Amino acid sequence: MASLSARPVTARSVTPPANPPQGGRRLPPMLPDWLRDGDDDGDGGGQGARRTRYRTIFISDAHLGTAGSNAGLLLDFLKRHECETLYLVGDIVDGWQLRKGWYWPQAHNDVVRAVLKMAKHGTRVIYIPGNHDEHFRDYVGLEFGGIELLADDVHVTADGRRLLVIHGDQFDNVVLYHKWIAFLGDGAYTLLLKSNGWVNRLRRLCGLPYWSLAAHMKKRVKNAVQFISRFEEVVAHAAAERGVDGVVCGHIHSAEIRQIGDITYYNDGDWVESCTALVEDGAGTLSIVDWAERVEREARDDRARTAKPRLVVVDGVAG
Ligand SMILES: [Mn+2]
């Protein structure tokens with residue numbers, strides 16, 4: 001696993017040349033010109049639009065490229081917010097599904113363009129690949145379209161807390177074989193943490209899809225709650241070992257803010273089931289935004305406002 005200390009100084013400014021020399025380093029995939037100049041999405045470049053401003057926004061698990069992705073809601077969320085730093089905490093694009101069959105509606109395109117546009121307008125955008133977009137892990141340390149690719153990062157909040165930002169699939173095996181670790185000790189923990197990478201590299205070489213903890217959890221619904229809390233504890237344990245104050249992850253599609261020992265555990269949720277984001281305000285306070293719930297509430301308020309005024313009788317007096 002990559003070092004979690006400060007990001008290497010060289011990593012930030014590495015921009016692939018427009019015309020790479022023959023035999024040069026492989027360039028990041030998928031950034032055609034029609035995606036690059038993205039100011040024609042009809043919202044007037046955001047001028048006049050009322051946007052809520054946060055210091056940092058964390059989103060993950062959009063699974064673009066699958067029918068389950070709520071790209072429309074995510075696009076709406078992105079267009080109505082601005083931030084200094086946007087963390088894309090993995091599984092944004094579902095490379096495994098796209099390999100099975102191309103599914104890429106306009107709304108999914110629009111999400112990518114909205115993110116690129118934010119980068120162009122000064123937001124620092126950091127992409128931390130997950131297991132469903134692990135193909136991007138080959139390009140960690142590079143930057144393209146103004147988006148930095150990192151294996152993980154340490155985010156410093158406005159109130160000075162250090163938060164490890166990581167997708168979370170790295171802990172799948174540990175979560176699954178939790179009981180054995182209790183039995184075999186800390187050596188097994190380290191081994192399982194490493195084995196997660198090996199097993200999935202092997203599966204990838206064999207053309208098998210990534211084994212998914214989330215999918216496994218769903219098949220065993222009875223144990224889902226137990227799996228989730230075990231995942232949270234394993235992630236917090238790993239964060240504690242790295243000496244940070246907290247951890248931000250995604251992966252299990254379950255938004256949460258929870259104190260586990262000395263570690264504050266944050267999960268930004270997903271845009272398949274729950275449509276949630278994690279946001280940091282100017283004072284360093286983090287909270288979960290439930291965008292589906294919010295949009296629904298606004299629609300309800302709108303309906304109430306535009307409804308025909310009715311005669312209201314209060315205590316026998318028409319008012
Ligand atoms: Mn994942």
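Okay, helix H9, residues 224–241. This is a predicted model, so let's check the helix length. With 18 residues in H9 and 1.5 Å a residue, we should get a span of 26 Å, and the end C-alpha atoms are indeed 26 Å apart, which agrees.

Which residues of H9 are buried? Phe227, Phe231, Glu232, Val234, Val235, Ala236, Ala238 and Ala239. Keep the helix geometry in mind here: there are 3.6 residues to a turn of an α-helix, so residues three or four places apart point the same way. Then, just after H9, you hit Gly243, with a positive phi of about 70 degrees.

Right, on to strand S11, residues 276–280. Why do I call it largely enclosed by the rest of the structure? Because five of its five residues are buried. And that goes for both faces: on one side you have Thr276, Leu278 and Glu280, on the other Ala277 and Val279, and they're all buried.

So who are the neighbours of S11? There's strand S1, residues 52–59, which runs antiparallel to S11 and is joined to it by three bridges. If you want a spot to click on, Thr56 stands opposite Glu280 of S11, and Glu280 is one of those buried residues.

Then there's strand S12, residues 286–290, also antiparallel to S11, with five bridges between them. Here the pair to look at is Ala277 across from Val289 in S12. S11 and S12 form a hairpin with five residues between the strands, and in that hairpin Gly284 takes a positive phi near 95 degrees.

Conventions. Residues are numbered from 1 along each chain as its sequence is written. This is a predicted model: local features need pLDDT of at least 70, side-chain atom pairs count only at pLDDT 80 or more; totals for chains, interfaces and linings use all residues. A residue is buried if 20 or more other C-beta atoms lie within 10 Å of its own, exposed if 12 or fewer, and partly exposed in between; C-beta atoms are placed from the backbone. Helices (H or I, at least four residues) and strands (E, at least two) are DSSP runs, numbered from the N terminus. Two strands pair if DSSP finds at least two bridges between them. The expected span of a helix is 1.5 Å times one less than its number of residues.
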